[in-house]
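Got the viewer open and ready? Let's walk through this one stop by stop, selecting as we go.

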Amino acid sequence: MSNDDIRLSFEFFPPKTDAGKEKLIAVRDGYAKFNPDFYSMTYGAGGSTRNNTKDLVVQYNADGHATAPHLSFGVDGDDIIAELIQEYKDANVNRIVALRGDMPSGLGGSSQMVYANELVAFIRERFGDHFHIEVAAYPEIHPESESYLTDINYLKGKFDAGANSALTQYFFNPDAYFYFVESCQKIGIDKPIYPGIMPIINLKSLVRFSDSCGAEIPRWFRKALEAYGDDQESMKAFASDAITELCALLLENGAPGLHFYTMNQLEPVKTIVENLGLNAE
């Protein structure tokens, strides 16, 4: 499978320690062989990792690795966010992942929620077309959404505000993605929607996070993973093969690329991409 027409991207979160940052550089360089279109760097709720995210994004871009910061208003006002975006522009960053401004735990409803379409419009108004803007999409629908159609129309609002493409929440049911894309097309969304792919490193953590974010683990898949018990290496090998098959099916049926949630690890994503034959070397 050629990766000439397949967009690859890899997502990281900002480490808290110097040792973690050094390790992540090695992980990033391990992915460089696949010639990714970009890396992305997450942003804590309410902008809680804002400076750490910014420093790493600026450093990675200076090192020649295109990296997109995740960004939301959170508890920050217009001026602070505009200044931050200007810093990214000055550092030759040309891509942003624009997200809803989730509040940090403990703040409750004390601050106004700022939605992603508002952030997209804000970036376009102040910075024109400098940035390629990615937004989030939810094939199995955002857990707080009123309905399937409401969620799809909200995504359309982000595109209408000026977004270029979307990255999905991870999923394990390919039909969820295909039905979602078809539903988006029916209401006039014609921009690319890139599937988000989650490697399986720790099953208990995955189950806990999936339950909170609304990503379904199909019963057969969950039971198959649980059957390995304490044999973690065999579980990871099975999971890696299953995720490879998922990715291959997505690409063969028209997905424009893949966005991997790496969890700051090189494996098993590296093996999955190699299994797909997407090695650029």
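Start where two helices cross: the crossing of α5 and α6 is right-handed, meaning that the near helix is turned clockwise from the far one by less than a right angle (anticlockwise would make it left-handed). Before you zoom in, note that this is a predicted model, where local features need pLDDT of at least 70 and side-chain atom pairs count only at pLDDT 80 or more, while totals for chains, interfaces and linings use all residues. Residues are numbered from 1 along each chain as its sequence is written, and side-chain values use heavy atoms, with hydrogens and water left out.

**Stop one: α5 and α6**

Select Tyr-148, Ile-152 and Leu-155 on α5, then Tyr-179, Phe-180, Ser-183 and Cys-184 on α6: these residues make the contact, which means heavy atoms within 4.5 Å. By class, the contact has six nonpolar residues, one polar and no charged. Here Ala, Val, Leu, Ile, Met, Phe, Trp, Tyr, Cys and Pro count as nonpolar, Asp, Glu, Lys and Arg as charged, and the others, Gly among them, as polar. The two helices pack at about 65 degrees with their axes 10 Å apart; axes are lines fitted to C-alpha atoms, for helices over the stretch in contact, and angles run from 0 to 180 degrees between N-to-C directions. So α5 and α6 are roughly perpendicular. On this scale, under 35 degrees is roughly parallel, over 145 roughly antiparallel, 65 to 115 roughly perpendicular, and the rest oblique. Helices (H or I, at least four residues) and strands (E, at least two) are DSSP runs, numbered from the N terminus.

**Stop two: Leu-155 and the core**

Stay on Leu-155. Leaving out residues up to four places away in sequence, Leu-155 touches Val-135, Ala-136, Ala-137, Ala-166, Phe-180, Cys-184, Ile-189 and Ile-193. What else is special about Leu-155 and Phe-260? They touch the most other members of the largest nonpolar core, which has 78 residues. A nonpolar core is a set of buried Ala, Val, Leu, Ile, Met, Phe, Trp, Tyr and Cys residues joined through side-chain atoms within 4.5 Å. Helix α9 (residues 232–252) supplies the largest share of this core, nine residues.

**Stop three: α9**

Now select Ile-243, found in helix α9. Is Ile-243 buried or exposed? At 2% relative accessibility, Ile-243 counts as buried; that term means under 20% relative accessible area, with exposed over 50% and partly exposed in between (1.4 Å probe, protein chains only). Beyond neighbours within four places in sequence, Ile-243 is in contact with Phe-172, Ile-197, Met-198, Ile-200 and Ile-272.

Next, show α6 (residues 174–186) beside α9: their axes come within 10 Å and cross at roughly 25 degrees. That makes α6 roughly parallel to α9. Pro-174, Tyr-177 and Phe-178 of α6 meet Leu-246, Leu-249 and Leu-250 of α9, giving six nonpolar, no polar and no charged residues.

**Stop four: α4 and α5**

Move to α4 (residues 116–127) and α5 (residues 148–160), which pack at about 10 degrees with axes 8 Å apart. They are therefore roughly parallel to each other. Pick out Ala-116, Asn-117 and Val-120 on α4, and Tyr-154, Gly-157 and Lys-158 on α5, for the contact: three nonpolar, two polar and one charged.

**Last stop: His-65**

Finish in the loop between α2 (50–62) and β3 (67–71), where you'll find His-65. His-65 is buried, with a relative accessible area of 16%. Setting aside neighbours within four places in sequence, light up its contacts: Arg-28, Asp-29, Ala-32, Tyr-39 and Tyr-60.
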